[in-house]
Amino acid sequence: MDTQRLETFLRLQARKDELEGLLDDTKRTIQEVEQAILKEFETSGISHVKINGKVIYLHRQLWARAKDGDKQGLCYALRAHGLGVFVEESCNTNFISAYVREQDASGVELPIALAEALEVTEVFSVRSRNG
């Protein structure tokens, strides 16, 4: 076993963890500053400012979701108004993957029809932990 490669892996993993921490801190700080800027824009009644060759501006975007989590009611309303194209049946792959892992860990085989409908892949990666 090439211990130098293992040490390189550990060093890179530690650097990645450090950078992810810095990124998380930076994202938090940006959110705080953004909230303050939004308040200033609102108070001043402005929608953009030029500074240092850049334009800082308000961006408006609408997002819609089922009221009170009632997806079934939303689907009914969409179909009733000729918008059934927005309704689709789907499966949550994260939940299905968790179910498959649980069955595998328990030594339980998937039902044949389910196994034939699923593509299950096994992925290996290298990780480290304190030991």
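**View 1. The two ends of helix H3 in the predicted model.** At the start of H3, the backbone nitrogen of Asn94 has a side-chain oxygen of Asn92 within 2.9 Å. The helix itself comprises residues 93-105. For these 13 residues, a rise of 1.5 Å a residue gives an expected span of 18 Å, and the end C-alpha atoms are 18 Å apart, so the two values agree. Just after H3, Gly107 adopts a positive phi of about 75 degrees.

**View 2. Gln103 within helix H3.** Gln103 belongs to helix H3. Its relative accessibility is 16%, and Gln103 therefore counts as buried, the cut-off being under 20%. Glu20 is separated from Gln103 by 83 residues in sequence, and the C-alpha atoms of the two residues lie 33 Å apart in space.

**View 3. The hairpin of strands S1 and S2.** Strand S1 covers residues 48-51, and strand S2 covers residues 54-57. The two strands pair in the antiparallel sense, with four bridges between them. One of the pairings joins His48 to Tyr57, its bridge partner in S2. Two residues lie between the strands of the hairpin, where Asn52 takes a positive phi near 50 degrees.

**View 4. A nonpolar surface patch that includes Ile46.** Ile46, Val49, Ile51 and Ile56 together make a nonpolar patch of about 280 Å² on the surface. Ile46 is located in the loop that runs between helix H1 (3-44) and strand S1. With a relative accessible area of 33%, Ile46 is classed as partly exposed, because this value falls between the limits of 20% for buried and 50% for exposed.

Notes: Residues are numbered from 1 along each chain as its sequence is written. This is a predicted model: local features need pLDDT of at least 70, side-chain atom pairs count only at pLDDT 80 or more; totals for chains, interfaces and linings use all residues. Side-chain values use heavy atoms; hydrogens and water are left out. Patches are made of residues with over 30% relative accessible area and no salt bridge: like charges are joined within 9 Å, nonpolar side chains (Val, Leu, Ile, Met, Phe, Trp, Tyr) within 5 Å. Accessible areas come from the Shrake-Rupley method with a 1.4 Å probe; for residues, only the protein chains shown count as cover. A salt bridge is a side-chain nitrogen of Lys or Arg within 4 Å of a carboxyl oxygen of Asp or Glu. Buried means under 20% relative accessible area, exposed over 50%, partly exposed in between (1.4 Å probe, protein chains only). The expected span of a helix is 1.5 Å times one less than its number of residues. A polar contact is a pair of N or O atoms within 3.5 Å; within protein, one must be able to donate a hydrogen and the other to accept it, and residues adjacent in sequence count only if both atoms are side-chain atoms. Two strands pair if DSSP finds at least two bridges between them.
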